[in-house]
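Subject: Handing over a structure

Hello,

I am passing on the structure we spoke about, and I would be glad if you opened it beside this message and followed along. My notes come after it, arranged by topic.

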Amino acid sequence: MTRVYNFSAGPAILPEEVMEQARDEMLDWQGTGMSVMEMSHRGKQFMSIAEQAEADLRELLAIPDNYKVLFLQGGATSQFAMVPINLLRGNNKADYLCTGHWSKKAIAEGRRFCEINLAASSEESGFQHIPPHQEWHLDPEAAYVHYTPNETIAGVEFHWIPDTGEVPLVADMSSTLLSRPLDVSRFGVIYAGAQKNIGCAGLTVVIVRDDLIGQPLGGAPSMFDYQIHGDNNSMYNTPPTYAWYIAGLVFGWLKRKGGLSAIAEVNRAKADMLYHFIDSSGFYHNPVERASRSRMNVPFILSEQGLDGVFLEQAEKAGLTNLKGHRSVGGMRASIYNAMPQEGVEALVEFMKEFERTQA
Ligand SMILES: *Cc1c(COP(=O)(O)O)cnc(C)c1O
């Protein structure tokens, strides 16, 4: 068996140890004679898996007690609707930051439910920087402020948490949650699809402050009501049990790695290595303003676009896969989530050097 270094933006690489453990437990989870896939979500075995996963996530992120942790389905995309449905609470206005593809999607969905104030946008400059806080126009009467701390496609990341005063801050952390320590108490809601940095597709993690739930829009479906999921420990209906289990294995792996401060150091070193190489090369280029560069998703272009196809083909042969940039941006993108080992980034840099030497 040969494993590749998979630079996919999502579904993305998972820690090998996690998949080995899942393999070893596949047919017989801890002497039960059953796969986790076959377990009743209300049985004591799965309940213990679910509780352990939540406890480990709470420990990793030091989540305060007044926050609920929900294990849902529907992806981050469902949260684009679930956030206004639950957080408007009689208000009809919300603030949104527009810093890329995913913020735009959240804004478009938010418009179905309320009036949206675009507090700031970097669209005109091609989403290559984070608009500085001094330039934002926040509405003190907004129900909440929504932003996207890491824009997965353009590779733009906030390295600071905006201060929104009393107005709850909502963050789509799909491609950055668990990549570094986080002060959860600064947020009203944090949500993330699992398939980037948490586990496999099918699970969406939502962390929501207690006092914000319980007043959903009239007529909201039960499945879109945070309170109902909270009251039922995310088991109002059948949860995505296997994806929840895999996320639990990833949380365990992160704890063994030394937690989020330790992984953040590794992530910083990996990103620094790649950006440093790109910046020192005359052949590769990353267009994002330095202070706003993502540590998780690194887009880059070749100075000769005509070589994109050859680059991808040879990279694939070298065991470096899924480097094609998003269709809206073009060029390349290397996603280097928690599970991408340092050696993977080293191999990529070596390949890029060699490609430049022989093709450019
Ligand atoms: C991938 C991604 C999404 C979409 O997630 P789904 O789980 O497919 O709905 C939303 N926001 C960000 C920042 C993403 O990276």
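A residue is called buried here when its relative accessible area is under 20%, exposed when that area is over 50%, and partly exposed in between. Please keep in mind throughout that this is a predicted model.

**Two helices, H6 and H7**

With that cut-off in hand, helix H6 can be described as mostly covered, since 14 of its 16 residues are buried. Its length also fits what one would expect, because at 1.5 Å a residue the 16 residues of H6 should span 22 Å, and the end C-alpha atoms are 23 Å apart, which agrees. After H6 comes Gly258, which has a positive phi near 105°.

Helix H7 covers residues 259-280, and its 22 residues should span 32 Å at 1.5 Å each; the end C-alpha atoms are indeed 32 Å apart, so the two values agree. Which residues of H7 are buried? They are Gly259, Leu260, Ile263, Ala264, Asn267, Lys270, Ala271, Leu274, Tyr275, Phe277 and Ile278. When you look at the spacing of these positions, it helps to recall that an α-helix has 3.6 residues a turn, so residues three or four places apart point the same way. The cover over the buried residues of H7 comes from several elements, including helix H2 (44-61), helix H6 (241-256), strand S12 (297-302) and helix H9 (342-359).

Arg268 also sits in helix H7, but it counts as partly exposed, because its relative accessibility is 36%. Its C-alpha atom is separated by 6.5 Å from that of Arg295, although the two residues are 27 apart along the chain.

**The annotated positions**

The UniProt record, an unreviewed entry, lists residues 4-348 as "domain: Aminotransferase class V". Over that stretch the chain is 32% helix and 17% strand, and the C-alpha atoms at its two ends are 11 Å apart.

The same kind of unreviewed UniProt annotation gives Ala76, Thr77, Trp102, Thr152, Asp172, Gln195, Asn237 and Thr238 under "binding site". These positions span 163 residues in sequence, and the farthest two C-alpha atoms are 30.4 Å apart, so they do not all gather at one spot. From this set, Gln195 belongs to the lining of the largest cavity.

Two of the listed positions are worth visiting one after the other. Ala76 is part of helix H3, which runs over residues 75-87, and it counts as buried because its relative accessibility is 13%. Apart from its neighbours within four places in sequence, Ala76 is in contact with Asp172, Ser174, Tyr191, Gly193 and Thr204. Asn237, by contrast, lies in the loop between helix H5 (226-231) and H6, and its relative accessible area of 31% makes it partly exposed. With neighbours within four places again left aside, Asn237 is in contact with His41 and Met223.

**Around the ligand**

How many residues surround the ligand, and which are the closest? There are 13 of them, and the closest are Thr77, Thr152, Asp172, Gln195 and Lys196. Some of the distances to oxygen atoms of the ligand can be followed one by one. For Ala76, a backbone N or O atom lies 3.2 Å from an oxygen atom of the ligand. For Gln195, an N or O atom in the side chain is 2.9 Å from a ligand oxygen atom, and for Lys196, a polar side-chain atom lies 2.6 Å from an oxygen atom of the ligand.

**Backbone details in the loops**

The peptide bond from Gly10 to Pro11 is cis, with omega near -10°, and Pro11 is located in the loop between strand S1 (5-6) and helix H1 (16-24).

Gln30 has a positive phi, near 45°, although it is a residue other than glycine. Its place is in the loop between H1 and H2, where its relative accessible area of 58% means that it is exposed. Asn233 likewise has a positive phi in a residue other than glycine, with a value near 50°. Asn233 is found in the loop between H5 and H6, and it counts as exposed because its relative accessibility is 59%.

Best wishes

Note on methods
Residues numbered from 1 in each chain as written. Predicted model: local features only at pLDDT ≥ 70, side-chain atom pairs only at ≥ 80, totals over all residues. Heavy atoms only, no water. Helix = DSSP H or I, 4+ residues; strand = E, 2+ residues; numbered from the N terminus. Expected span 1.5 Å × (residues − 1). Buried < 20%, exposed > 50% of the residue type's maximum accessible area, 1.4 Å probe, protein only. Contact = heavy atoms within 4.5 Å. UniProt positions renumbered as here; feature names shortened; annotations may be inferred. 1 Å grid on protein atoms, 1.4 Å probe; cavity = no way out; pocket = protein on both sides within 12 Å on 5 of 7 lines; lining within 4 Å. Near = heavy atom within 4 Å. Polar contact = N/O pair within 3.5 Å; in protein donor to acceptor, adjacent residues only side chain to side chain.
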